[in-house]
Each structure stands twice: as C-alpha cells, then as structure tokens.
Amino acid sequence: MRKIVISTGGGDAPGLNAVIFAVVKSASRLGWEVYGSKHGYKGFLDPDELVRLTSDDVEGITPIGGTILGTTNKGNPFAMPVPNLAGEVQIVDVSERVMASFRRMGFDCHIAIGGDGSLDIAHRFALMGMPVIGVPKTIDNDLEATDRTFGFDTAVSTATEALDKLHSTAKSHDRVMVVEVMGRESGWIALYSGISGGADVILLPEIPFDMEAVCRKITENELHGKHYSIVVVAEGAKAQGGQVMNRGKGEAGRAEMLLGGIGEWVAEEIRQRIGKDTRSLVLGHLQRGGSPTTFDRLLALRFGGAAVRMAEAGQFDHMVAWTPPTMSAVPLEEAIRRRKQVDPASDKVLTARSIGICLGDGE
Ligand code: F6P
C-alpha cells in the first residue's frame with residue numbers, strides 16, 4: 001500500500017472532514033501518499049479536481065462542517081450528466097474512464113465516504129477491480145449495517161434546538177407549529193428530536209398517519225388547557241392511503257426525488273379541520289450544516305482510522321461499520337441492501353406513546 005485516494009459523495013453531513021482528517025493522518029503515519037478526489041469522482045476525470053492531501057493540509061478541519069473535497073449527488077460515473085455541444089444534458093457511463101485513471105495514477109485503494117447511493121457506486125467499482133473501502137455517512141441514519149452514521153447526532157441536536165425555540169412562540173400565540181425535518185424512508189431524526197424536544201405529535205415514514213388522530217391530540221391538548229401544540233413530521237411521512245410528497249427530480253443526473261411539502265400539507269389540514277391558527281416550517285439543510293457534535297466527531301474519526309486499518313489488512317469491497325462496542329467490516333453488497341427503519345414496537349416509540357406523544361395512528 002503506497003498511494004490512496006479519498007472521495008466524498010452524496011449530500012454532505014457534519015463529520016466528513018473528521019473522517020478525511022483521520023484517514024490522512026493515519027495513512028501518512030504509515031508512509032502512504034493520500035489524494036482527494038473533489039466533488040465525488042471528478043478527480044478521476046479531471047486532473048484539476050485531484051488534490052494531494054498531506055498531514056499539514058488537514059490540520060484543524062475536524063470541527064468544520066461540510067467537506068473540504070466538495071460533494072455532489074449527481075456525480076454517478078455510471079450515469080453522469082454531461083452537456084453536449086448543443087448544450088443539452090446527456091447521461092453518459094464514464095466508469096471505464098474512472099477505472100483507467102485510477103490505474104494510471106497508481107492508486108492502491110479508494111476510500112469512498114457516502115450514503116447508500118455512493119456506497120452502491122463504490123461496490124460497482126469493486127466489481128470492476130478497484131480496491132474500495134466504504135465509510136457510511138448520512139444524517140438520516142438509515143443504514144442497517146452500522147449502529148450509527150456520523151452526521152445524525154448533529155442533525156438531531158439542530159432539530160431539537162429548533163423545537164425548543166418554537167415552544168415559546170407557539171405558546172405565546174396559542175398556535176400549532178408544524179416542523180418538517182429530513183428523513184426520506186426512516187424517521188430517526190423526527191423521532192429522536194420529537195421526543196427530546198417535547199413534540200405533541202411525531203409523524204414518521206414508518207407509521208402512515210391519520211389526520212383525525214393528529215387533530216384529536218391537538219383538541220385534547222386544548223381541553224386540558226394547553227392551547228399550543230408542536231407537530232414534527234419527517235419529509236418522507238405519508239397519510240394512510242396517501243403518497244409521499246415529492247418535488248420531482250430537480251437537477252439532471254439526480255437519482256433521488258426531492259422530497260418536501262408534507263409539513264405545509266399537515267398544517268393546512270389542521271387549520272381546515274379544527275380551525276386552529278397553524279404555521280409550518282421546513283428545517284431543511286440547516287440539519288446538514290454546522291460543526292459536528294462531539295459524538296459525530298469521535299465516530300467519524302474512528303471510522304477514518306478503521307478504514308485505514310482495513311486498507312492495511314487488504315479488506316476491500318467492505319464498509320466500516322460501528323457495531324458496539326467494536327468497529328467491524330461489512331461486505332459492501334450487504335451494507336447497501338438493508339435500510340434501517342424505526343421499529344414501531346421499539347422502546348423509543350413505546351416511550352413516545354407512554355409520555356403522551358401521538359404517532360398519528362390513533363394508538
Ligand atoms: O439523504 C440525506 C438528505 O439530507 C435527505 O434527508 C434529503 O431528502 C436529501 O438529502 C436532500 O438532498 P439535496 O441536498 O439534494 O437537497
């Protein structure tokens with residue numbers, strides 16, 4: 001092992017720089033050269049997007065949000081949006097070019113930091129012969145193979161702080177505040193922040209909701225003399241018999257739909273059904289920003305260190321996973337297959353119900 005390359009792909013998450021720091025520091029101590037591919041795989045396609053990363057280059061980046069390498073969620077080399085001479089965007093497979101450049105540069109290993117989409121791409125390159133190691137990242141915390149992904153704790157802290165702040169204004173105005181948080185197919189951010197931030201109603205993708213039950217909870221609050229309520233709704237939540245709300249694909253080359261709108265819809269339903277003064281807000285990308293919490297920094301640093309140890313051991317086509325109390329290596333193919341969702345029978349959901357939070361299903 002002499003020369004490795006790191007990339008960050010998909011949506012950013014607090015802690016990406018901490019992983020980069022740990023990889024560069026650990027690899028440099030072993031005498032390896034480290035490079036960074038900017039904006040996902042761009043560094044493999046354009047020499048200007050490939051940077052050498054030394055120990056000095058990463059000094060002090062651990063507490064900084066985002067990624068010093070930049071990222072993209074429309075940079076899949078197997079389906080890359082490329083403008084042609086007429087200015088039209090065409091989807092092109094540039095994976096062979098990436099492989100050729102990887103070999104030409106003499107890299108021995110690629111450490112790919114990303115969510116399920118980026119890890120799927122990494123696995124496809126592993127099948128083509130690239131020695132790849134995956135590091136799991138997503139604020140949604142929706143990968144089954146690892147107990148936690150970094151970025152989640154910071155996102156939950158941001159959402160909880162926002163809920164704390166909304167209590168006083170909701171109370172002052174006797175209002176219902178509906179807060180839409182991120183979480184496409186998994187409601188971890190909504191559940192953790194909702195319980196910790198004193199929500200009255202939490203709506204998750206895993207439990208389709210009934211507006212009758214939601215309004216009943218708000219009306220009960222009124223009858224008990226509490227004239228304000230806080231509703232937390234995950235962007236991927238849907239009404240019973242309804243659909244997830246999306247805003248289309250957005251930019252060319254995106255694999256995922258842009259979700260959003262469910263918070264405003266729930267607020268409007270509440271207004272119409274029980275006539276309560278209601279406001280909605282979308283926390284959106286605030287949840288992805290800022291300095292990582294201590295928990296996320298430590299987890300990200302441990303992931304980075306473990307990834308380099310895996311490279312040293314030649315354990316490729318695997319993802320580093322936190323399986324408390326240890327770090328372990330999970331085959332990438334397995335890691336991308338299983339999504340982690342909230343179990344409606346879990347103690348956290350039961351705790352929410354025990355303390356009087358409505359999960360929208362009338363139970
Ligand atoms: O997967 C992480 C995530 O933050 C989702 O919760 C959200 O739907 C999506 O990324 C938003 O992506 P974009 O940065 O393209 O708006």
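Student: What is the relative accessible area of Asp174?
Tutor: Quick heads-up: this is a predicted model, where local features need pLDDT of at least 70, side-chain atom pairs count only at pLDDT 80 or more, and totals for chains, interfaces and linings use all residues. Residues are numbered from 1 along each chain as its sequence is written, while side-chain values use heavy atoms and leave out hydrogens and water. "Buried" means under 20% relative accessible area, "exposed" means over 50%, and "partly exposed" is in between, using a 1.4 Å probe and protein chains only. Asp174 counts as partly exposed, with a relative accessible area of 38%.

Student: Where does Asp174 lie?
Tutor: Helices (H or I, at least four residues) and strands (E, at least two) are DSSP runs, numbered from the N terminus. Asp174 has a phi near 50 degrees, a positive value in a residue other than glycine. Its place is in the loop between H5 and strand E8 (176–181).

Student: And Asn141, which also has a positive phi: is it buried or exposed?
Tutor: Phi of Asn141 is near 55 degrees, and this residue isn't a glycine. Asn141 lies in the loop between strand E7 (132–136) and H5. Its relative accessible area is 2%, so Asn141 is buried.

Student: How far apart are the end C-alpha atoms of H5?
Tutor: H5 covers residues 152–173 and has 22 residues. The expected span is 1.5 Å times one less than the number of residues, so H5 should span 32 Å. The end C-alpha atoms agree with that, being apart by 32 Å.

Student: Which residue is at the centre of the kink in H5?
Tutor: The bend at a residue is the angle between two axes, one fitted to the seven residues ending there and one to the seven starting there. In H5 the kink is about 25 degrees. The buried residues of H5 include Phe152, Val156, Leu163 and His167, and also the residue at the centre of the kink, Leu166.

Student: How far is His173 from Asp277 in space?
Tutor: His173 lies in helix H5 and counts as partly exposed at 43% relative accessibility. It is 104 residues from Asp277 in sequence. In space, C-alpha to C-alpha, the two are apart by 8.4 Å.

Student: What separates the C-alpha atoms of Gly31 and Glu49?
Tutor: Gly31 is in the loop between helix H1 (16–29) and strand E2 (33–37), and it counts as exposed at 60% relative accessibility. Gly31 and Glu49 are 18 residues apart along the chain. Their C-alpha atoms are separated by 23 Å.

Student: How many of the residues of strand E6 are buried?
Tutor: In a regular strand the side chains alternate between the two faces of the sheet. In E6 (residues 109–114), one side has Cys109, Ile111 and Ile113, the other has His110, Ala112 and Gly114, and both faces are covered. The strand is therefore largely enclosed by the rest of the structure, with a buried count of six of the six.

Student: What is the bridge partner of Ala112 in E7?
Tutor: Two strands pair if DSSP finds at least two bridges between them. E6 runs parallel to strand E1 (residues 3–8) with five bridges, where Thr8 stands opposite Ile113. E6 and E7 also pair in the parallel sense over five bridges, and there Ala112 has as its partner Gly134.

Student: Which residue in the turn between E4 and E5 has a positive phi?
Tutor: E4 and strand E5 (residues 89–92) pair in the antiparallel sense over four bridges, with Met80 partnered by Val92 and Pro81 opposite Ile91. The two strands form a hairpin with five residues between them. The turn residue with a phi of about 85 degrees is Gly87.

Student: Which element gives the most to the lining of the second largest pocket?
Tutor: A pocket is found on a 1 Å grid over the protein atoms alone: it is an open set of points with protein on both sides within 12 Å along at least five of seven lines, and lining residues have an atom within 4 Å of a point. Of the 14 lining residues here, the closest to the centre are Lys42, Lys74, Met80, Pro81 and Val82. Helix H2 (42–45) and strand E4 (80–83) each give two or more. With four residues, the element that gives the most is E4.

Student: Which residue does a cis peptide bond join to Pro324?
Tutor: The omega of this bond is about 5 degrees. The partner lies in the loop between strand E12 (318–323) and strand E13 (326–331). That partner is Pro325.

Methods:
On a 1 Å grid over the protein atoms alone, a cavity is a set of points where a 1.4 Å probe fits but cannot get out, and a pocket is an open set with protein on both sides within 12 Å along at least five of seven lines; lining residues have an atom within 4 Å of a point.
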